[in-house]
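Trainee: I should like a close account of one part of this entry, the surroundings of the DNA. Please connect it to the rest of the architecture.

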There are 2 protein chains.
Amino acid sequence: MAPGVGIKEVAREAGVSVGTVSNVINRPESVSEETRARVLSTIERLGYVRQESARQLRAGHSRIIALLVLDMANPFFVDVARGAERAAREAGLGVMVCNSAQSPEEEADYLGLFAEQRVRGVLMTPADMTGRNLASFRRQPIPFVLVDRVLPSAEGCSVSVDDVTGGDLAVRHLLGLGHRTLAYVSGPMRLAQCRDRREGALRALRERGLGESALRHVEVGRLDVASGRDAGARLLGMSPRPTAVFCANDLLALGVLQSLYGAGVSVPGEVALVGYDDIEFAAAAAVPLTSVRQPAFRMGRTAAELLMEETGERAGDHRHQRIVLQPELVVRGSSLVRSRG
Amino acid sequence: MAPGVGIKEVAREAGVSVGTVSNVINRPESVSEETRARVLSTIERLGYVRQESARQLRAGHSRIIALLVLDMANPFFVDVARGAERAAREAGLGVMVCNSAQSPEEEADYLGLFAEQRVRGVLMTPADMTGRNLASFRRQPIPFVLVDRVLPSAEGCSVSVDDVTGGDLAVRHLLGLGHRTLAYVSGPMRLAQCRDRREGALRALRERGLGESALRHVEVGRLDVASGRDAGARLLGMSPRPTAVFCANDLLALGVLQSLYGAGVSVPGEVALVGYDDIEFAAAAAVPLTSVRQPAFRMGRTAAELLMEETGERAGDHRHQRIVLQPELVVRGSSLVRSRG
DNA sequence: ATCCGGCATTGAAACATTTCATTTATTGCC
DNA sequence: GGCAATAAATGAAATGTTTCAATGCCGGAT
């Protein structure tokens, strides 16, 4: 390692003061053209690279925003990340994407890391239902925005999607197709998402004069494909077998689809299927999946913008906001029209 | 922002010197039990959080390793990231995952960022075929490991998978099933991956006394599902239509599958299909996809370990290594047995 | 000749930590 | 009681940058 080619060496070599070198880098317009050229060429020649840690030490905070997601393997969060990244880069900030993998402990670790790093802000989808991690993080003077969750106490920004409406859309669609025996494949009901989507589903049923009994409940432990396969097996064993299935996310739906297909049950012929999230693979399935599209990219982007608004120059006039985006039903092959009942 | 609750305030409040506080944090064993307890409780009470930038300034490098991948939307890289993360966390390091999205410019930007951050090391799958970005980055005293690529000049570590063998495995399997009219759906041939997998495919053909003509070549611009659909459309138009298709990755294969399925062509009945990578969604497709499994998680993990070896205490006796992992064929429904030809 | 204003440049302070050579206290030993 | 050895604690230096009040310089106005 060429140990120290710092601003000082550059200054000495170019025959100017360190202050001038700093100015060349940070406010080039305040330096005479000639000096600027000389300094720049020296920087180039010496291969000087600014040391961010020193700058940061002085500034008090870094130029990075952290994004802590629940599951990097879920394309939904990848889209969120891309949205956040886009917004951040436009503002000259970096994004550090981390994965709590739904573990409150990992989440706590990462939040600690972020605090030590004095990141500019944090975007997160909390894994810790008790809110303890979040509460303890709030002692830090680091702004944060909740993604895909609303803050109970309304004491911070959040961007989420209206899950009740999403559930309503899905089930309304299935009812419109004539189905009367439905099932809801859910993840853990302690997740607000799963509860809200069911709530929406029930709302749609009520509107048609149907009760809770028309919606069989299948609950699995995780929101992934393997759990979807389990759910599929359970659906196959039901009698009467539901003719329409609404899944709390696309991964579950893909698992269900696979199970049904493997058992020779035709989709959408015998069972209509609707997922949630509209991840890329939903459209890519052999039977393209009808799904409730979440504006994931936009959510990430909006969250980052909200954060930067809070961080930015005129942070004084920032009011915490609760932004709720609307989902949208995307109808594809897995729920084709059938005679109305 | 509580402006400065630093080590100094803690020291004053606990009635010790700053050095002692630092010792409590970094070498607790060198401090008397009583003092340690007092300092720790003061830290707790004041909510002191170490400022990483200052520590880093002194240390000269950060405690983060950077991972720069080609495509965050590809589950393959997500697995690589998880592997790297695992290894890094075991060593108490953080991982910053960044996405060059195959853009040499973005790649250059990120490498610049990493240099300024003095990250502990960089794991990357280069997007820049000219090698210019890499060459200029090598001026930095930051160790790096190439992932899924080998370094032409052998002047650094790399972890890759034997793609020739992978292609061989796939086509050998198809030939064994009796197929004689094959197609290779490839991404851009400037990618070593695509070239090598084809090379392996040809090797398998040669061994059976078949020539290049038995392998129709379908090349598309990107390695994603949409391109796979295009490829599928082109396959459908061929005559004679290939009875077996080997795709350069699973995303392409899923696209092809969807195209074929949409056209009413049965898989594996009329066309046998083999993908590459064995991403989770390959197994989750309605017709589970036969695929060449890449040890993605292990690759990420190994790369991180290699990096830490180079960074670590006894970095002196570190020799650059070129590790080549072996792929493995996973046979599933998309290529079922059929009569031997 | 003197003063003024504006511009370019300077140099030292400040940021929060770690490290290490010293200092101070404690214990055991003769 | 004095001395050496050990343990614990100290405090100042060093890290690389940014910022800002102060300085120097030059041309033009008085």
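Mentor: Domain bounds here come from an automatic or database domain assignment. For chain A that assignment gives domain 1 (7-50), domain 2 (60-156) and domain 3 (163-294 + 329-335), and the C-alpha centres of domain 1 and domain 3 of chain A lie 62 Å apart. The model is a predicted one, in which local features need pLDDT of at least 70 and side-chain atom pairs count only at pLDDT 80 or more, while totals for chains, interfaces and linings use all residues. Residues are numbered from 1 along each chain as its sequence is written, and chains are lettered from A and ligands numbered from 1 in the order in which they are written.

I turn to the DNA. DNA strand C is surrounded by 27 residues, a residue being near when its C-beta atom, placed from the backbone, lies within 6 Å. The closest are G19(A) and T35(A) from one chain, and G6(B), I7(B) and A54(B) from the other. Helices (H or I, at least four residues) and strands (E, at least two) are DSSP runs numbered from the N terminus. In those terms, at least two residues each are supplied to the surface near DNA strand C by helix 2 (18-26) and helix 4 (52-59) of chain A, and by helix 1 (7-14), helix 2 (18-26) and helix 4 (52-59) of chain B. Helix 2 of chain B gives the most, 5 residues. By class, the surface near DNA strand C holds 9 nonpolar, 13 polar and 5 charged residues; Ala, Val, Leu, Ile, Met, Phe, Trp, Tyr, Cys and Pro count as nonpolar, Asp, Glu, Lys and Arg as charged, and the others, Gly among them, as polar.

DNA strand D also has 27 residues around it, and the closest of these are G6(A), I7(A), A54(A), G19(B) and T35(B). The elements that give two or more residues there are helix 1 (7-14), helix 2 and helix 4 of chain A, with helix 2 and helix 4 of chain B. The largest share of the surface near DNA strand D, 5 residues, comes from helix 2 of chain A. The division by class is 9 nonpolar, 13 polar and 5 charged residues.

The relation between the chains comes next. A rotation of 180° with 0.0 Å of shift along its axis superposes chain A on chain B, with an RMSD of 0.1 Å; the fit is by least squares on the C-alpha atoms of residues with pLDDT of at least 70 in both copies. The two copies are therefore related as by a two-fold rotation axis. The same surface serves both copies, since 100% of the contact residues of chain A recur in chain B.

That contact takes 43 residues from chain A and 43 residues from chain B, where contact requires C-beta atoms, placed from the backbone, within 7 Å. On the side of chain A that touches chain B, two or more residues come from each of helix 4, helix 5 (75-90), strand 2 (94-99), helix 6 (104-117), helix 11 (250-262) and helix 12 (280-284) of chain A. This side has 24 nonpolar, 11 polar and 8 charged residues. Helix 4 of chain A thus appears in the contact with chain B and also in the surface near DNA strand C.

One backbone detail concerns the loop between strand 2 and helix 6 of chain A, where Q102(A) lies. The phi of Q102(A) is near 65°, a positive value in a residue other than glycine. Most residues other than glycine have a negative phi, and most peptide bonds are trans. A cis peptide bond, with omega about 10°, joins V267(A) and P268(A), and P268(A) is placed in the loop between helix 11 and strand 9 of chain A.

Strand 9 (residues 272-277) of chain A runs parallel to strand 10 (residues 290-293) of chain A, joined by 4 bridges; strands pair if DSSP finds at least two bridges between them. Within this pair, V274(A) stands opposite T290(A). Strand 10 of chain A is also joined by 3 bridges to strand 12 (residues 328-330) of chain A, in antiparallel fashion, and R293(A) stands opposite E328(A) there.

Notes:
Two residues are in contact if their C-beta atoms, placed from the backbone, lie within 7 Å.
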